[in-house]
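Work through the exercises below with the sequence and the model side by side. Try each task before reading its solution.

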Amino acid sequence: MTPILGVIPVIDPTDIRLDDVVQMRKPHPCGGDRWQVVRLGTDIGLICQTCGRKVYLPRSKFARQAKRILSRGAESPPVVQG
Ligand SMILES: [Zn+2]
């Protein structure tokens with residue numbers, strides 16, 4: 001068994017909360033790598049904490065690009081379906 005350090009996937013795309021601040025593997029062109037989650041839907045809305053630009057990423061892409069969660073938002077109430 002080989003210990004894997006530093007590459008442990010800690011982002012669970014099903015466990016993302018509003019107001020989470022995440023660090024992405026690829027920095028924004030502005031140099032920032034911290035993003036705040038502002039929308040949870042089919043796509044995840046993120047605002048760059050450095051320049052304020054808003055982007056949307058599909059959950060699958062978000063899961064690949066997110067490196068770690070820097071701070072957690074408040075626990076969201078359960079989503080009511082239908
Ligand atoms: Zn930026």
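**Exercise 1. State what share of the residues in the protein chain is buried.**

Solution. Begin with the rule: a residue is buried if 20 or more other C-beta atoms lie within 10 Å of its own, exposed if 12 or fewer, and partly exposed in between, with C-beta atoms placed from the backbone. By this rule, buried residues make up 13% of the 82 residues in the protein chain. The model is predicted, and local features need pLDDT of at least 70, side-chain atom pairs count only at pLDDT 80 or more, while totals for chains, interfaces and linings use all residues. Residue numbers start from 1 along each chain as its sequence is written.

**Exercise 2. List the elements of the protein chain from the N terminus on.**

Solution. Helices (H or I, at least four residues) and strands (E, at least two) are DSSP runs, numbered from the N terminus. The protein chain holds one helix and five strands. Read from the N terminus, their order is β-β-β-β-α-β.

**Exercise 3. Find the order of the strands in the open sheet and name its edge strands.**

Solution.
- Step one is the pairing rule: two strands pair if DSSP finds at least two bridges between them.
- Step two takes E1 and E2, which are antiparallel and share three bridges; here Gln23 faces Arg34 in E2.
- Step three takes E2 and E3, also antiparallel, with five bridges. Trp35 has Cys48 in E3 as its bridge partner, and Leu40 lies opposite Ile44 in E3. These two strands make a hairpin with two residues between them.
- Step four takes E3 and E4, antiparallel over five bridges. Ile47 is opposite Lys54 in E4, and Leu46 has Val55 in E4 as its bridge partner. This hairpin has five residues between its strands, and Gly52 in the turn has a positive phi of about 85 degrees.
- Step five gives the result: the five strands of the open sheet have the order E4-E3-E2-E1-E5, with antiparallel pairing. E4 (54–58) and E5 (66–71) are the edge strands, since each pairs on one side only. On average, neighbouring strands of this sheet are turned by 40 degrees against each other, direction ignored.

**Exercise 4. Identify the residues of the largest nonpolar core and the strand that gives the most to it.**

Solution. A nonpolar core is a set of buried Ala, Val, Leu, Ile, Met, Phe, Trp, Tyr and Cys residues joined through C-beta atoms within 7 Å. The largest one has ten residues: Ile16, Val22, Met24, Trp35, Val37, Ile44, Leu46, Cys48, Phe62 and Ala66. The elements that give two or more residues to this core are E1 (21–24), E2 (34–40) and E3 (43–48). E3 gives the most, with three residues. In soluble globular proteins, nonpolar side chains tend to be buried together.

Now look at E3 itself. In a regular strand the side chains alternate between the two faces of the sheet. The covered face of E3 has Ile44, Leu46 and Cys48, and the uncovered face has Asp43, Gly45 and Ile47.

**Exercise 5. Name the residues that Met24 touches, not counting those up to four places away in sequence.**

Solution. Two residues are in contact if their C-beta atoms, placed from the backbone, lie within 7 Å. With residues up to four places away left out, Met24 touches Asp33, Trp35, Gln65, Ala66 and Lys67. For the protein chain, take the contacts between residues at least 6 apart in sequence: 42% of these join residues at least 24 apart.

**Exercise 6. Decide whether Asp19, Lys26 and Gly31 are buried or exposed.**

Solution.
- Asp19 is in the segment before E1. Asp19 counts as exposed because it has 12 C-beta neighbours inside 10 Å. Its phi is near 75 degrees, a positive value in a residue other than glycine.
- Lys26 sits in the loop between E1 and E2. With 9 other C-beta atoms within 10 Å, Lys26 is exposed. The C-alpha atoms of Lys26 and Gln65 are 6.9 Å apart, although 39 residues separate the two along the chain.
- Gly31 is in the loop between E1 and E2. Gly31 has 9 other C-beta atoms within 10 Å, so Gly31 is exposed. Between the C-alpha atoms of Gly31 and Cys48, 17 residues apart along the chain, the separation is 9.8 Å.

How values were computed: Axes are lines fitted to C-alpha atoms, for helices over the stretch in contact, and angles run from 0 to 180 degrees between N-to-C directions.
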